[in-house]
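The exercises below go through a structure in steps, each with a task and a worked solution. Please keep the sequence and the 3D view open while working through them.

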Amino acid sequence: MMRVASLARRELLTLFVSPVAWTITFVFLLVMGMTFHLSLLSVGGDLQQLVPAIYSGYVFWFMMLIFPPLISMRTLAEERRTGSLEMLVTTGIADATVITAKWISTWIFFMFLWLCMLPLWLLLDGVGQVDFGVLLSAHLGIALVGAGFCAAGILASALTSHPLASAGLAMAINLVLFLVEWLRFLYEPGDLQLRWIEHFSAVHHIGAEMTRGIVDLRVPIWWVSFTILMLFIATKVLERRRW
Amino acid sequence: MIEVENLSRSYGSRKALDSISFQVPSGSVTGFLGPNGAGKTTTLRVLTSWLLPDPGTEKVMVCGVDLLREPRLACRKVGALLEQLPLPGELRVCEFLHSRARLKGISGSQIPAEIQRVLEDVDAVDASRRGIGTLSQGYRQRIGLADALLGDPPVLLLDEPTRGLDPRQVALFRELVDRLRHQHTIILSSHVLGEVEQICDRVCMISAGKICLDEDREAWTRRLEISGTTRVEVVDGSDDVAVGLATLDGVSEVLTDGPGWILHGDRDLRRSIGELARQKEWVLSELSTDPATLESLFLQLTHPGAES
């Protein structure tokens with residue numbers, strides 16, 4: 001665990017002393033700040049509707065699909081290309097430790113972006129009544145889906161030595177989990193046989209449930225399982241280089 | 001001590017290492033030589049556990065740890081200065097070494113003293129607070145070496161360690177290796193043959209994935225002496241002299257060189273030339289030997305047509 005923490009800390013340090021992290025943060029806050037403002041106008045000041053309006057709109061999903069791959073694309077792909085992965089592994093560190101640490105640092109940075117919006121909510125709470133329970137539920141959804149998307153990004157980064165190819169691949173994986181929602185058009189609302197499709201839908205988990213304060217235990221189980229599966233495959237991919 | 005028996009490693013259908021065996025005794029400095037693509041870096045990568053050997057490899061022991069069974073434990077016995085040295089330019093030297101020390105399992109309270117020790121060893125204390133991105137190639141090389149020394153591993157693998165160093169730094173590096181040789185087993189992979197000749201106790205040459213020479217200093221020095229050339233000049237010598245010299249045991253080639261001849265052979269030829277001159281009543285005006293160099297031996301043994 002100490003090695004995971006050390007490596008994750010180094011990853012975050014490397015990220016934050018580079019301009020990449022600050023550029024991503026700037027773009028994120030610019031887009032989400034505008035979305036926050038426009039959503040506030042569109043709900044006519046009804047703060048109860050503001051959380052679903054922000055956290056289930058197209059801009060929100062665009063950010064969810066784009067940013068985890070952008071953050072994770074360099075983690076392994078760049079290290080493999082430059083040879084620093086070899087240097088890392090010569091310390092005797094386990095491949096699973098490397099993958100876990102990279103994922104933790106990516107996920108922490110991803111959550112840092114969303115927490116940067118907290119001052120806006122606190123400001124709004126000063127003039128109205130923000131339901132922090134619903135807000136917390138929405139962020140739990142973001143944390144879970146973000147964990148899965150970041151893990152998919154780590155897997156994509158392990159598969160290629162080109163960061164952009166890695167980002168493209170991760171976006172494709174995330175897009176599948178996003179587009180599953182569209183399969184809902186295949187069945188009628190009462191058709192229970194195809195309800196299983198909902199379980200794979202990131203949109204359904206956040207948009208229909210968590211932004212309304214509903215936390216179904218199956219959702220965390222699904223996303224934690226997905227995250228572990230992605231990280232497990234990424235570890236196997238990393239181990240494969242030794243053969 | 002490093003013991004390797006029948007180590008093979010393939011990349012797809014290409015065999016990079018073909019059942020090589022060698023030993024590196026404790027406290028020795030072994031020069032690992034070979035042309036590009038011969039398998040030097042692959043061997044070092046196996047010893048750092050970056051690559052696994054092929055099935056069929058009998059033994060890879062690093063300081064008593066079986067690398068085939070416990071690769072990570074074996075890896076912790078090794079400090080490596082890699083040929084490709086990708087240091088994070090955005091970190092300071094002390095930050096980089098601190099994170100590396102943690103990854104190598106050094107306890108937090110010992111890290112500052114350990115960083116100070118390795119920076120003193122490589123003469124780079126003044127670079128401690130500098131950003132790695134601003135360092136010269138020589139300093140970067142030294143920081144890579146400092147990283148390899150973190151945790152005082154019993155085995156050091158140095159891949160082209162003096163690349164980019166100026167002559168003063170190269171001299172300092174030699175002094176450093178002299179200091180380290182008593183506490184560490186060192187493998188030095190280099191293309192600078194003069195450096196290997198000066199520093200190493202053993203030489204291991206590899207060509208096309210096979211070991212073609214594995215000898216200690218005494219044996220390779222003897223080999224250089226006997227595989228050198230001998231120059232002979234005879235007063236009023238004619239072509240008969242060349243014919244006579246060519247009949248001597250151990251002579252592989254006789255070349256005309258001005259008024260004399262140069263003989264290539266596989267042993268010291270001076271005694272037999274002297275006896276031949278006495279029999280033939282030649283008056284020798286010159287009989288001298290020119291020992292082979294490590295470079296000529298390298299070229300001879302790693303020639304594509306040379307047999308291992």
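A residue is called buried under 20% relative accessible area, exposed over 50%, and partly exposed in between, with a 1.4 Å probe and protein chains only. This is a predicted model, in which local features need pLDDT of at least 70 and side-chain atom pairs count only at pLDDT 80 or more, whereas totals for chains, interfaces and linings use all residues. Residues are numbered from 1 along each chain as its sequence is written, chains are lettered from A and ligands numbered from 1 in the order in which they are written, and side-chain values use heavy atoms, with hydrogens and water left out.

**Exercise 1. Describe the make-up of chain A: how many helices and strands are there, and what percentage of the residues is buried?**

Step 1. Helices (H or I, at least four residues) and strands (E, at least two) are taken as DSSP runs and numbered from the N terminus. By this rule chain A has 13 helices and zero strands.

Step 2. Of the 243 residues in chain A, 55% are buried. The accessible surface, found by the Shrake-Rupley method with a 1.4 Å probe and, for residues, with only the protein chains shown as cover, comes to about 11,100 Å² for chain A, and 73% of it belongs to carbon and sulfur atoms.

Step 3. Contact means heavy atoms within 4.5 Å. Among the contacts in chain A with a separation of 6 or more, 78% are between residues 24 or more positions apart.

**Exercise 2. Place S72(A) and I99(A) in their helices, and decide for each: buried or exposed?**

Step 1. S72(A) belongs to helix α4 (residues 58-72) of chain A, and S72(A) counts as buried because its relative accessible area is 0%. Not counting residues up to four places away in sequence, S72(A) touches T106(A), C150(A), G153(A), I154(A) and S157(A).

Step 2. I99(A) sits in helix α7 (residues 95-115) of chain A, and with a relative accessible area of 1% I99(A) is therefore buried. Its contacts, leaving aside neighbours within four places in sequence, include I154(A), L231(A) and L238(A).

Step 3. As a distance exercise, take I99(A) and A202(A), which are 103 residues apart along the chain and have C-alpha atoms separated by 23 Å.

**Exercise 3. Examine salt bridges within the chains: which helix holds both R81(A) and E78(A), and which elements does the pair D121(B) and R179(B) link?**

Step 1. A salt bridge is a side-chain nitrogen of Lys or Arg within 4 Å of a carboxyl oxygen of Asp or Glu; over all chains, the whole structure has 25 of them.

Step 2. R81(A) and E78(A) form a salt bridge at 3.2 Å, N to O, and both lie in helix α5 (residues 77-82) of chain A, three residues apart, about one turn of the helix. R81(A) counts as partly exposed because its relative accessibility is 46%, whereas E78(A), at 19%, counts as buried.

Step 3. In chain B, E114(B) and R117(B) meet in a salt bridge at 2.8 Å, N to O, again with a three-residue spacing, in helix α4 (residues 111-121). E114(B) is buried at 13% relative accessibility, and R117(B) is partly exposed at 27%.

Step 4. D121(B) and R179(B) are joined by a salt bridge at 3.9 Å, N to O. This pair links distant parts of the chain, with D121(B) in helix α4 of chain B and R179(B) in helix α6 (residues 167-180) of chain B, 58 residues apart. R179(B) has a relative accessible area of 42%, so R179(B) is partly exposed.

**Exercise 4. Characterise the interface: how much area do chain B and chain A bury between them, and which residues form the salt bridge?**

Step 1. Buried area is the accessible area (1.4 Å probe) that two parts lose on being put together, summed over both. Chain B and chain A bury about 2,700 Å² between them, with 62% of it on carbon and sulfur atoms. On the chain B side, W50(B), R102(B) and L103(B) lose the most area to chain A, together 28% of what that side buries.

Step 2. The contact involves 28 residues from chain B and 26 residues from chain A.

Step 3. One salt bridge is counted between the two chains: R45(B) pairs with E86(A), and their closest N and O atoms are 3.0 Å apart.
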